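Trainee: Hey, have you got a minute to walk me through this one? I'd like to get a feel for how it's put together.

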Amino acid sequence: MTKRYVGFVVVGEAITVVDAQVANEKDTPITILSDATWSLQNGDRGSALAVLHQRCADYLRENGADIVVVKASALPTGSAKLALLASAEVRGVVIAAAASASVVQIVSKAVISRTYGERKVDEYLKDDDFWNVNTEGGKLRKTSREAAMLIIAKRNC
């Protein structure tokens with residue numbers, strides 16, 4: 001049996017979306033169904049966030065997402081800047097939309113580094129062999145590996 005997982009990583013006003021089919025067996029590669037980047041539309045911010053909410057909820061419902069994994073906010077190294085807060089707004093909209101359509105897990109990179117495997121997340125992100133073994137199907141961009149890592153780390157939890 002398989003489940004449909006969607007991983008979201010929000011950076012600024014860009015949302016990386018990786019959609020994958022995940023088998024119950026942990027040693028089986030995940031199958032990448034799609035890898036995309038969504039951008040917040042230009043114009044009024046409130047309207048743009050509403051459109052993003054609708055797009056996200058519709059995508060998850062239409063594609064039958066069983067589990068959504070969203071990269072959590074991280075503590076800033078220094079004072080919080082406006083861009084960090086704007087990114088948090090976008091992340092909140094994605095989380096709310098996902099929760100209206102699916103089960104949502106919010107996970108930080110630090111938690112994955114502590115609980116998954118023997119290495120830190122950034123080391124996995126750079127390791128082409130890891131990705132060749134752990135993914136199949138559609139093309140996964142290197143910039144989307146973090147969203148896919150959320151799925152790999154949280155599968156069957």
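Mentor: Sure. One term before we start: two strands pair if DSSP finds at least two bridges between them. And keep in mind that this is a predicted model.

Trainee: Okay, so how many bridges join β1 to β4?

Mentor: Four bridges join strand β1, residues 2-11, to strand β4, residues 67-71, and the two run parallel. Glycine 7 of that pairing stands opposite valine 69 in β4. Tyrosine 5 has isoleucine 67 as its bridge partner in β4.

Trainee: And which way do β1 and β2 run, parallel or antiparallel?

Mentor: Antiparallel, with 10 bridges joining them. They form a hairpin with two residues between them. Glycine 12 sits in that turn and has a positive phi of about 65°. Valine 11 has alanine 14 as its bridge partner in β2.

Trainee: What about β2 and β3, how do they pair?

Mentor: Strand β2 covers residues 14-23 and strand β3 covers residues 30-39, and they pair in the antiparallel sense over eight bridges. They make a hairpin too, with six residues between them. Valine 17 stands opposite alanine 36 in β3.

Trainee: Which residue can you place in that loop between β2 and β3?

Mentor: Asparagine 24 is in that loop. It's partly exposed, with a relative accessible area of 38%. Asparagine 24 and glycine 117 are 93 residues apart in sequence, and their C-alpha atoms are 18 Å apart in space.

Trainee: Now zoom out for me. What order do the strands of the sheet come in?

Mentor: The order is β5-β4-β1-β2-β3-β6, so to speak reading across: six strands in an open sheet with mixed pairing. β5 (103-107) and β6 are at the edges with a single partner strand each, so one side of each has no neighbour in the sheet. On average, neighbouring strands are turned by 35° against each other, ignoring direction.

Trainee: What does β6 pair with?

Mentor: β6, residues 135-137, pairs with β3 in the parallel sense over three bridges. Isoleucine 30 has threonine 135 as its bridge partner there.

Trainee: Let's go to single residues. Is aspartate 19 buried or exposed?

Mentor: Aspartate 19 is in strand β2. It counts as buried because its relative accessible area is 0%, and the cut-off for buried is under 20%.

Trainee: What does the side chain of aspartate 19 make polar contacts with?

Mentor: One polar contact is with the side chain of arginine 4, at 2.6 Å. Another is with the side chain of tyrosine 59, at 2.5 Å. Leaving out residues up to four places away in sequence, aspartate 19 also touches others, including Val6, Ile32, Leu33 and Asn63.

Trainee: Thr31 is on that kind of list too, right? Where is threonine 31?

Mentor: Threonine 31 is in strand β3, and aspartate 19 does touch Thr31. Threonine 31 is partly exposed, at 23% relative accessibility. Its side chain and that of glutamate 136 are joined by a polar contact of 3.1 Å. Setting aside neighbours within four places in sequence, threonine 31 is in contact with Asp19, Ala20, Gln21, Glu136 and Gly137.

Trainee: Switching to helices. At what angle do α1 and α2 pack?

Mentor: Helix α1 (residues 45-62) and helix α2 (residues 82-99) pack at about 35°, with their axes 8 Å apart. The crossing is right-handed. On the α1 side, the residues that meet α2 include Leu49, Leu52, Cys56 and Leu60. Among their counterparts in α2 are Ala86, Val90, Val93 and Ala97. By class, this contact has 12 nonpolar, one polar and two charged residues.

Trainee: Last one: why is α6 described as largely enclosed?

Mentor: Nine of the 10 residues of helix α6 (residues 145-154) are buried, so the rest of the structure largely encloses it. Those buried residues include Arg145, Glu146, Met149 and Leu150.

Trainee: And which strand has seven of its 10 residues buried?

Mentor: That's β1, so this strand is also largely enclosed by the rest of the structure.

How values were computed. Residues are numbered from 1 along each chain as its sequence is written. This is a predicted model: local features need pLDDT of at least 70, side-chain atom pairs count only at pLDDT 80 or more; totals for chains, interfaces and linings use all residues. Side-chain values use heavy atoms; hydrogens and water are left out. Buried means under 20% relative accessible area, exposed over 50%, partly exposed in between (1.4 Å probe, protein chains only). Axes are lines fitted to C-alpha atoms, for helices over the stretch in contact, and angles run from 0 to 180 degrees between N-to-C directions. A crossing is left-handed if the near helix is turned anticlockwise from the far one by less than a right angle, and right-handed if clockwise. Contact means heavy atoms within 4.5 Å. Ala, Val, Leu, Ile, Met, Phe, Trp, Tyr, Cys and Pro count as nonpolar, Asp, Glu, Lys and Arg as charged, and the others, Gly among them, as polar. A polar contact is a pair of N or O atoms within 3.5 Å; within protein, one must be able to donate a hydrogen and the other to accept it, and residues adjacent in sequence count only if both atoms are side-chain atoms.
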